[in-house]
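Ready to practise reading a protein model? Grab a pencil, look at the picture, and try each task before you read its solution.

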Amino acid sequence: MMRPEQTHTAEAVEGRELAKGKTVEHARVRTQRRSALQQALDRIRAAARKDRAMPLTALWHHVYDIERLRAAYYGVNRGASPGVDGQTWAAYGEHLEANLRDLSERLQRGAYHPSPVQRVYIPKGDGRQRPIGMPTLEDKIVQRATVEVLNAIYEQDFRGFSYGFRPGRSPHDALDAVTVGIEKRNINWVLDIDIRGFFDAIDHGWLVKFVEHRIGDRRVLRHLRRWLKAGVLEDGQWREQAEGTPQGGSISPLAANIYLHYVLDLWAERWRRRDARGDMIIVRFADDAIVGFEYRDDAVQFWAELRERFQQFHLELHPEKTRLIEFGRFAAERRQRRGQGKPETFDFLGFTHMCSKTRTGKFTVRRKTIAKRLRKKLQDIKAALRERMHWPIPQQGAWLRSVLLGHYRYYAVPRNGSLLKVFREVIMRYWCRMLRRRSQRHRRTWQRMYALVERWLPSPRILHPYPAQRLRVTTRGRSPVR
């Protein structure tokens, strides 16, 4: 006799509608399944906290659990480009239950083998090309399920000052930590750290050794090695990847965090405790990090020792982007006495950070959209708007509205309102110019244009709270830069 959930699965595969009254039962079953998945992760977290030095075994069965694979499938970007097999999200979902069952069985008996990653290049802001990897859909599903299980372990180990690609943490949390750390602590010098080609420089041997500190399941380690050795397919030619992890796979961000956890985070935390003579803050987001110091001698020594440590693990500080600047509440006054002009600025996560003062004369860190990035984005919008020249005006307006709202969601931080207005005004001029060019006898007066702008282009408003306010809530009083 079939259980209710088996009956529902059969109906779904055959394409039949649910029988009357099955909707509530189906919701209950799915809720129970999600609860079971969460309970399994809770048990892993408890074991990881109990003994932080013991490698955890018996993890792989959590990965090939069909419910976890199904959740991973629905978590994959549905519009992403397919990998080397051409499999799309929609096509895979046409026979989802059968596909997931087959995938689970292959994972269970060791017959699953990752495919090479399709490599493409996208332009960067500095004119160079950024390599992006496109794994196959099944590789994305398995990697996503594996990351969910491993996160339950590594979230117990990762340091509080690490923010990149972690559940429940965002770039704005890292930005708040930098601002509050500099404003509230005795910080006079900032070391802006950038690792040259980090994702392409990760050493596979060291990465596996780091993972073995916490993961004792040989099947997890075997599949990690397979992902690293799957290679890349570029212009139809397969090439082995001796080092690095392709950006684009779900496993790459976690692998990067594990690598820097052992290479940078633990070492920097120990250095701050044993060697720093004054205050020191650390904030890292992926391969970008900001380290603040009270004394310049501490900063110089840390920089030199960090360069040596990175060499041991095949990493290199970018010689042009890594720099030490005088920054903090006394920087302007001290530089003025020396006749050196205003304090230098540093860029972090899309914002230029500068020394400033509030209306009452209190020191504050002001954050503004990076000018180069703003210009690049406006040029891209101008080109995209030209491609949409003959769209109906309501369709153009709706698209521009979505562009503005997306920009506001990230950049609408306190004291950045002026550049939000500039962004909107430039888009308004681009739109007006484009509409006038649609006809040689245009009648697009500014009065009519302002009516369109009021209808479609939302005015900017600050959406994010002040850093200290949000950080106080998210950390509940714990140090954000510990």
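The exercises below concern a predicted model, and each one comes with a worked solution.

**Exercise 1. Salt bridges along a helix**

Find out how Arg45 and Asp42 meet, and where the two residues sit.

Solution.
- Step 1: Start with the idea that side chains of opposite charge can pair when their charged atoms come close.
- Step 2: Check the distance. The side chains of Arg45 and Asp42 come to 2.6 Å, N to O. A salt bridge needs the nitrogen within 4 Å of the oxygen, so the pair qualifies.
- Step 3: Look at the position. Both residues belong to helix H2 (residues 22-50), and because they are three residues apart, about one helical turn separates them.
- Step 4: Classify the exposure. Partly exposed lies between 20% and 50% relative accessible area. Arg45 has 23%, so Arg45 is partly exposed; Asp42 has 38%, so Asp42 is partly exposed too.

Now try a second pair: how far apart in sequence are Lys376 and Asp380? They are four residues apart in helix H15 (residues 371-387), about one turn of the helix. Their side chains form a salt bridge at 2.8 Å, N to O. Lys376 is partly exposed at 37%, and Asp380 is partly exposed at 40%.

**Exercise 2. A salt bridge between distant parts of the chain**

Decide whether Asp298 and Arg277 are each buried or exposed, and say which parts of the chain they link.

Solution.
- Step 1: Confirm the contact. The closest N and O atoms of Asp298 and Arg277 are 3.8 Å apart, and the two form a salt bridge.
- Step 2: Locate the partners. Asp298 is in helix H13, while Arg277 is in the loop between H12 and strand E6 (280-285); they are 21 residues apart.
- Step 3: Apply the cut-offs. Buried means under 20%, exposed over 50%. Asp298 has 2%, so Asp298 is buried. Arg277 has 54%, so Arg277 is exposed.

To round this off, a search of the whole structure gives 23 salt bridges.

**Exercise 3. Stacked or tilted rings**

Work out how the rings of Phe210 and Tyr262 are arranged.

Solution.
- Step 1: Ring centres must lie within 6.5 Å to pair. The centres of Phe210 and Tyr262 are 5.0 Å apart.
- Step 2: Planes under 30 degrees apart count as stacked. Here the angle is 15°, so the pair is stacked.
- Step 3: Place the pair in the chain. Phe210 is in helix H10 (residues 204-212) and Tyr262 in helix H12 (residues 251-274), 52 residues apart. Both Phe210 and Tyr262 are buried.

Compare with Phe351 and Tyr411, a tilted pair with 5.2 Å centre to centre and 55° between the planes. This pair links strand E10 (residues 351-357), which holds Phe351, with helix H16 (residues 393-411), which holds Tyr411, across 60 residues. Phe351 is buried, with a relative accessible area of 0%, and Tyr411 counts as buried at 8%.

**Exercise 4. A patch of charge**

Which residues gather in a patch of positive charge on the surface?

Solution.
- Step 1: The members are Arg130, Lys321, Lys372 and Arg375.
- Step 2: Pick one of them, Lys321. This residue is in the loop between helix H13 (296-312) and strand E8 (323-326).
- Step 3: Lys321 has 35% relative accessibility, so Lys321 counts as partly exposed.

Terms used:
Residues are numbered from 1 along each chain as its sequence is written. This is a predicted model: local features need pLDDT of at least 70, side-chain atom pairs count only at pLDDT 80 or more; totals for chains, interfaces and linings use all residues. Side-chain values use heavy atoms; hydrogens and water are left out. Patches are made of residues with over 30% relative accessible area and no salt bridge: like charges are joined within 9 Å, nonpolar side chains (Val, Leu, Ile, Met, Phe, Trp, Tyr) within 5 Å. Accessible areas come from the Shrake-Rupley method with a 1.4 Å probe; for residues, only the protein chains shown count as cover. Lys and Arg count as positive and Asp and Glu as negative; His and the chain ends are not counted. The place of a charge is taken as NZ of Lys, CZ of Arg, CG of Asp or CD of Glu. Buried means under 20% relative accessible area, exposed over 50%, partly exposed in between (1.4 Å probe, protein chains only). Rings of Phe, Tyr and Trp (its six-membered ring) pair if their centres lie within 6.5 Å; planes under 30 degrees apart count as stacked, over 60 as edge-to-face and the rest as tilted.
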